[in-house]
Amino acid sequence: TGLDLLYGVILDWGINLSVPEKTEVVDGKKIYIVDDGTLIACFEANVDQDTIKSIARMKPAYAVFRDGSFRDSSNKINLGEIFKVQSPDTVIKVMRCKRWSAR
């Protein structure tokens, strides 16, 4: 699930598991906000540039997406450029998942 992926990232990056975590909907997509915006993750399907820009404007320290999440290849390609303009200090990770089922 998205939460499984999120907690995997939290553990990988050494973020304390006791920090606050909440879920919001941005541009119709569920996002996870950890530690008041230190980490923002979106694992939804069909993520487009509007969603990417909305997340970038939040200026997280870390942003995580699932490789198969993007609406099309141009959204995935433009991810770095959008963050470079909106939030240049954000560390971006795109996770490759072998198997995914939307729940």
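What joins the side chains of Ser54 and Asp27? It's a polar contact of 2.7 Å. Before going further, keep in mind that this is a predicted model. Ser54 makes a handy starting point: it sits in helix H2, which covers residues 49-57. Is Ser54 buried or exposed? With a relative accessible area of 13%, it falls under the 20% cut-off, so Ser54 counts as buried. If you set aside the neighbours within four places in sequence, Ser54 touches Val26 and Asp27. Val26 takes us straight to the sheet, as strand S1 spans 21-26.

So let's look at that sheet. It's an open one with five strands, in the order S1-S2-S3-S4-S5, and the pairing is mixed. S1 and S5 are the edge strands, each pairing on one side only. Going from one strand to the next, the twist averages 20 degrees. Zoom in on S2 and S3 and you'll find them paired in the antiparallel sense, over three bridges. Here Ile33 stands opposite Ile40 in S3.

Now for the helices that meet this sheet. Start with H1, residues 2-12, where Gly2, Leu5, Leu6, Val9 and Ile10 are buried. Look down the axis of H1 and these buried residues fall within an arc of 140 degrees, so they line one face of the helix. What do they pack against? The buried residues of H1 pack against S1 (21-26), S2 (29-34), S3 (39-42), S4 (62-66) and S5 (91-95). Turn to the face of H1 that points away from its buried side, and you meet the exposed residues Asp4, Leu11 and Asp12. After H1 comes Gly14, with a positive phi near 70 degrees. Further along the chain, helix H3 (residues 73-86) lies across S4 and S5, and it runs at about 165 degrees to S5.

The loops have a couple of backbone oddities to point out. Most residues other than glycine have a negative phi. Asp36, though, has a positive phi, near 55 degrees. You'll find Asp36 in the loop between S2 and S3, and at 71% relative accessibility it counts as exposed. Lys59 also has a positive phi, near 55 degrees. Lys59 lies in the loop between H2 and S4, and its relative accessibility of 52% makes it exposed, because the cut-off for that is over 50%.

Last stop: the aromatic rings. How many aromatic pairs does the structure hold? There are four. One of them is formed by Tyr32 and Phe43, a tilted pair at 6.2 Å centre to centre, with 40 degrees between the planes. This pair links distant parts of the chain, with Tyr32 in strand S2 and Phe43 in the loop between S3 and H2, eleven residues apart. Tyr32 and Phe43 are both buried. Phe65 and Phe70 make another tilted pair, with 5.7 Å between the centres and 40 degrees between the planes. Both of these, Phe65 and Phe70, are buried as well. Ring pairs also bring in Phe83, linking Phe65, Phe70 and Phe83 into a cluster.

Methods:
Residues are numbered from 1 along each chain as its sequence is written. This is a predicted model: local features need pLDDT of at least 70, side-chain atom pairs count only at pLDDT 80 or more; totals for chains, interfaces and linings use all residues. Side-chain values use heavy atoms; hydrogens and water are left out. Helices (H or I, at least four residues) and strands (E, at least two) are DSSP runs, numbered from the N terminus. Buried means under 20% relative accessible area, exposed over 50%, partly exposed in between (1.4 Å probe, protein chains only). A polar contact is a pair of N or O atoms within 3.5 Å; within protein, one must be able to donate a hydrogen and the other to accept it, and residues adjacent in sequence count only if both atoms are side-chain atoms. Contact means heavy atoms within 4.5 Å. The arc is that of the directions from the helix axis to the C-beta atoms. Two strands pair if DSSP finds at least two bridges between them. Axes are lines fitted to C-alpha atoms, for helices over the stretch in contact, and angles run from 0 to 180 degrees between N-to-C directions. Rings of Phe, Tyr and Trp (its six-membered ring) pair if their centres lie within 6.5 Å; planes under 30 degrees apart count as stacked, over 60 as edge-to-face and the rest as tilted.
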